[in-house]
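Trainee: Could you take me through one part of this model closely? I would like the sheet, its strand pairing and whatever packs on it.

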Amino acid sequence: MNFVIISGLSGAGKSNAANNLEDMGYYCVDNLPADIIPQFVQFCRAANGEYEKVAMVTDVRSGLTAESYQRTLESLRQQGCEFRTLFVEASTEVIIKRYKETRRSHPLAKDYPHLEEAVQAEREQLAPIRAQADVVINTSALSLAKLRGELIDQFGGGARATAMAVTVMSFGFKYGVPLEADLVLDVRLLPNPYYIDELRHQTGMDKPVYDYVFSFPQTGEFLDKLKAWLEYSLPLYADSGKSGLSICVGCTGGHHRSVALARALGEFTAQKGYATVVHHRDMNRE
């Protein structure tokens with residue numbers, strides 16, 4: 001099993017880090033008291049593989065101290081549990097700016113009415129925790145996309161590109177472009193099986209229709225150019241921080257050409273290592 005313990009400064013981006021890990025397949029729990037973590041880990045380990053990757057956020061909101069944190073780590077080691085620790089921080093100036101934008105109160109505001117004092121007190125309180133962290137990420141100058149990339153490098157096996165999921169959807173323009181589309185490909189320029197009587201009532205999932213669509217040289221050339229463009233652009237989308245990309249392939253009714261091309265594109269992206277789902281939105285519409 002893969003356990004990650006996330007801690008750090010309030011306002012530094014721990015929740016964003018947890019959200020990104022959740023997109024990477026981690027089961028995430030926020031605001032977990034440190035002393036409860038060993039029991040929660042035992043629960044996860046006894047769940048027969050239901051929780052393979054788990055990330056837990058613990059911080060001063062739940063009374064985190066260097067002492068409670070150390071007790072937790074020692075307990076996990078005694079259990080023989082393998083884990084990694086992440087500490088998220090940012091500069092005082094950036095944290096103050098973020099709090100002003102969100103208008104939320106700092107967890108230590110009761111003891112330190114001035115925000116700068118609260119941030120500094122928390123930094124000093126958590127210094128021993130930071131010192132023993134496996135990974136320290138400073139989010140002061142990181143965009144959300146760059147934060148995601150850092151987390152993929154550290155906790156996702158470093159495979160930034162293939163961490164992005166790809167959905168390939170066929171559709172019919174007569175029913176409207178899918179709202180979730182990131183990329184829309186129009187394949188109405190290809191020969192249409194609809195005008196062949198024996199193919200009209202079949203779909204691109206049927207071999208005769210698929211073979212007909214790809215019997216024309218322009219279809220192969222069109223697909224080859226799409227593949228070359230996707231091979232270049234998909235890693236760029238992944239590096240920009242996208243957790244998922246929706247490629248929508250449209251023809252007139254969504255029965256023939258779009259289905260055949262979506263099948264081929266789905267096979268291509270899967271071969272490139274992307275978690276791929278192929279969906280035919282309008283294939284069964286009349």
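Mentor: What follows is a walk through the sheet, then its helices, then one loop residue.

Keep in mind that this is a predicted model. Start with the strand order. The open sheet has four strands, arranged β7-β8-β6-β9, and the pairing is parallel. β7 and β9 (276-280) are the edge strands. Each has a single partner strand, so one side of each has no neighbour in the sheet. From one strand to the next, the twist averages 20 degrees. As background, strands of a sheet pair through backbone hydrogen bonds, in a parallel or antiparallel manner.

Now look at β8, residues 244-251. How many of its eight residues are buried? Seven are, so the strand is mostly covered, where buried means under 20% relative accessible area. β8 has β7 on one side and β6 on the other in the strand order. Take β6 first, residues 165-172. Eight bridges join β6 to β8, and the two strands run parallel. To find your place on screen, use S170, which stands opposite V249 in β8.

Next comes β7, residues 183-186. It pairs with β8 over four bridges, again in the parallel sense. Two residue pairs let you trace this. L183 stands opposite I247 in β8. V184 has C248 of β8 as its bridge partner. In a regular strand, side chains alternate between the two faces of the sheet.

Now add the helices. α9 packs on the sheet and touches β7 and β8. The direction of α9 makes about 175 degrees with that of β7. Angles over 145 degrees count as roughly antiparallel, so α9 is roughly antiparallel to β7. α10 also packs on the sheet, where it touches β6, β7, β8 and β9. Its direction makes about 175 degrees with that of β6. By that cut-off, α10 is therefore roughly antiparallel to β6.

The two helices also meet each other. α9 covers residues 217-239 and α10 covers residues 257-271. Their axes come within 11 Å and cross at roughly 40 degrees. α9 and α10 are therefore oblique to each other. The crossing is right-handed. On the α9 side, the contact uses T219, F222, L223, L226, K227, L230, E231 and L234. On the α10 side are L261, A264, L265, F268 and T269. Sorted by class, this contact has nine nonpolar, two polar and two charged residues.

Finish with the loop between β6 and β7, where Y175 lies. Is Y175 buried, exposed or partly exposed? It is partly exposed, because its relative accessible area is 26%, and the partly exposed class falls between 20% and 50%. Set aside its neighbours within four places in sequence, and Y175 is in contact with G253, R281, D282, R285 and E286. R281 is 106 residues away from Y175 along the chain. Even so, the C-alpha atoms of Y175 and R281 are separated by 9.7 Å.

To recap the part you asked about: the strand order is β7-β8-β6-β9, β8 is mostly covered, and both α9 and α10 pack on the sheet.

Terms used:
Residues are numbered from 1 along each chain as its sequence is written. This is a predicted model: local features need pLDDT of at least 70, side-chain atom pairs count only at pLDDT 80 or more; totals for chains, interfaces and linings use all residues. Side-chain values use heavy atoms; hydrogens and water are left out. Axes are lines fitted to C-alpha atoms, for helices over the stretch in contact, and angles run from 0 to 180 degrees between N-to-C directions. Angles under 35 degrees count as roughly parallel, over 145 as roughly antiparallel, 65 to 115 as roughly perpendicular and the rest as oblique. A crossing is left-handed if the near helix is turned anticlockwise from the far one by less than a right angle, and right-handed if clockwise. Contact means heavy atoms within 4.5 Å. Ala, Val, Leu, Ile, Met, Phe, Trp, Tyr, Cys and Pro count as nonpolar, Asp, Glu, Lys and Arg as charged, and the others, Gly among them, as polar. Buried means under 20% relative accessible area, exposed over 50%, partly exposed in between (1.4 Å probe, protein chains only). Two strands pair if DSSP finds at least two bridges between them.
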